[in-house]
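Trainee: Hey, got a minute to walk me through this one?
Mentor: Sure, pull it up and we'll go piece by piece.

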Amino acid sequence: MAASDDEAGTGGRERAGVQVAADGVALLDELRGAIGKYVVLPSEEALTAVTLWVAATHIQTALQHAPRLAVVSPTKGCGKSRVLDVLHETVHQPMMTVNTSPAVIFRVIGKNPPTLLVDEADTIFSPKASGDSEILRGLLNAGHQRNRPAWRISGPEHKPTPFPTFAMAAIAGIGDLPDTVMDRAVVLRMQKRKPGEKVTPFRSRYSVPELNALRDRLAAWLGPLRGRAARMVPQMPVEDRAADTWEPLVIIADLAGGHWPAQARAACLAMTRHEAVQDEQSSLKTRLLRDIHRIFAQAGNPEALATQDLVAALIQDAEAPWAEHGTKGLNAYHLSNLLRDFNISPANYRFDKGRQAKAYMRNRFLDAWARNCPDLVEAAPEPEHGTAPARMTQGKPPTAPAGTLPAGPPGSPAGPRRAL
């Protein structure tokens, strides 16, 4: 017996759905391979996340949240700009910017927003940046969620006007971005490539057409699925803001089917847990910077403090975690590791009376204090213009203060504290 029209229609839709899912799996696999060909990402989970993030830009109009992609690294040369190059050729309507004013961005974002690609964010959010940095930070925070417009006085009649802020954005820079931005982001912590890690050279003549073809196929696949995506409420392995941030990526994975739903949720769990550990370590490192600032101040802000003296002063603070850090308390090795991300390391220093020892130079902390403890900036001014930096043991030794901390009665600011 011939099937009825309704049965035939239902079967056709089911077969079409299977075909769409199969196409989605293959297309995401191909995109994942293309991204991994040009950049070395921190993990397989990170590669999965970037793939899904790129695809999600093509259904922005159906999403309730626009996750940020934070591409950060401890130093230059870790591949951040190459990530943006690849994103520029694969995301929906890219808008690359380095120093574009917030006013321009406000006017570009509309009902069909571009994908913002912001490079050199460390200069935008530095302590010396202009007041526009706070406006941009507010825009990035508000734009994470739909229906959070920015109101401005606009037009010849000076009327209050709402400007849309909702748009997906990838932000690259050295060091962490502001906490409020990181909290709304899928975070890629880039590192320099190992000697054995190879990538395909990115050449515009060959790479751009390949990536643009993938971009067009993504748009063709996802365009008809926007309505379905808008109705989806996927089960999430995380909660609260992390769930809001990762939901668009999981929606893409569920639309594709196959191995992608499980793979997306595994990446979500792994990367959010990693960031939770990073947040804890970041808080610890910020505490360390503050404690070191206090110790330098108590010593009269000398040019340098011997490593052994700095460690001793840290572990003598009964209210600090340093006496219990590691298995036997903080030591010189631990201190060096904790300060490495701030590009601070000890060096040989010649103190008075010819004593030479490993020491930490105060001027090496100025940038880290300004970036991570801005309330201490006035208490730790940079050297006046024209002042020569302190010299190390190469050449003639500099005149330096005593290499030991001032002594005082137990419990005094300069003396050791009794354990509570």
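Mentor: Let's start with a term: two strands count as paired if DSSP finds at least two bridges between them. Also keep in mind that this is a predicted model.
Trainee: Okay, so which residue in β10 is the bridge partner of N348?
Mentor: That's K358. The strands β9 and β10 (residues 356–361) pair over 4 bridges, in the antiparallel sense.
Trainee: What order do the strands of that sheet come in?
Mentor: The order is β8-β10-β9, so to speak an open sheet of 3 strands with antiparallel pairing.
Trainee: And which ones are the edge strands?
Mentor: β8 (304–306) and β9 (347–350), as each of them pairs on one side only. Ignoring direction, neighbouring strands here are turned by 60° against each other on average.
Trainee: Which helix packs on the sheet?
Mentor: Helix α12, residues 307–315. The helix touches β8 and β10, and its direction makes about 80° with that of β8.
Trainee: Switching topic: how many salt bridges are there?
Mentor: The count comes to 16. In general, side chains of opposite charge can pair when their charged atoms come close.
Trainee: Can you show me one?
Mentor: Take R189 and E275, whose side chains meet at 2.9 Å, N to O. R189 sits in strand β7 (residues 185–189) and E275 in helix α11 (residues 260–298), so this pair ties together parts that are 86 residues apart in sequence.
Trainee: Is R189 buried or exposed?
Mentor: R189 is buried, because its relative accessible area is 18% and the cut-off for buried is under 20%. E275 counts as buried too, at 12%.
Trainee: What about R294, which residue does it form a salt bridge with?
Mentor: One partner is D291, with the closest N and O atoms 3.9 Å apart. Both lie in helix α11, 3 residues apart, which is about one turn of the helix. D291 is buried at 6% relative accessible area, while R294 counts as partly exposed at 25%.
Trainee: You said "one partner". What else?
Mentor: The side chain of D317 also meets R294 in a salt bridge, at 3.1 Å, N to O. That pair links distant parts of the chain: D317 is in the loop between α12 and α13 (332–340), R294 is in helix α11, and they are 23 residues apart. D317 is buried, with a relative accessible area of 7%.
Trainee: So which residues are linked in that network of salt bridges?
Mentor: R287, D291, R294 and D317.

Key. Residues are numbered from 1 along each chain as its sequence is written. This is a predicted model: local features need pLDDT of at least 70, side-chain atom pairs count only at pLDDT 80 or more; totals for chains, interfaces and linings use all residues. Side-chain values use heavy atoms; hydrogens and water are left out. Helices (H or I, at least four residues) and strands (E, at least two) are DSSP runs, numbered from the N terminus. Axes are lines fitted to C-alpha atoms, for helices over the stretch in contact, and angles run from 0 to 180 degrees between N-to-C directions. Contact means heavy atoms within 4.5 Å. A salt bridge is a side-chain nitrogen of Lys or Arg within 4 Å of a carboxyl oxygen of Asp or Glu. Buried means under 20% relative accessible area, exposed over 50%, partly exposed in between (1.4 Å probe, protein chains only).
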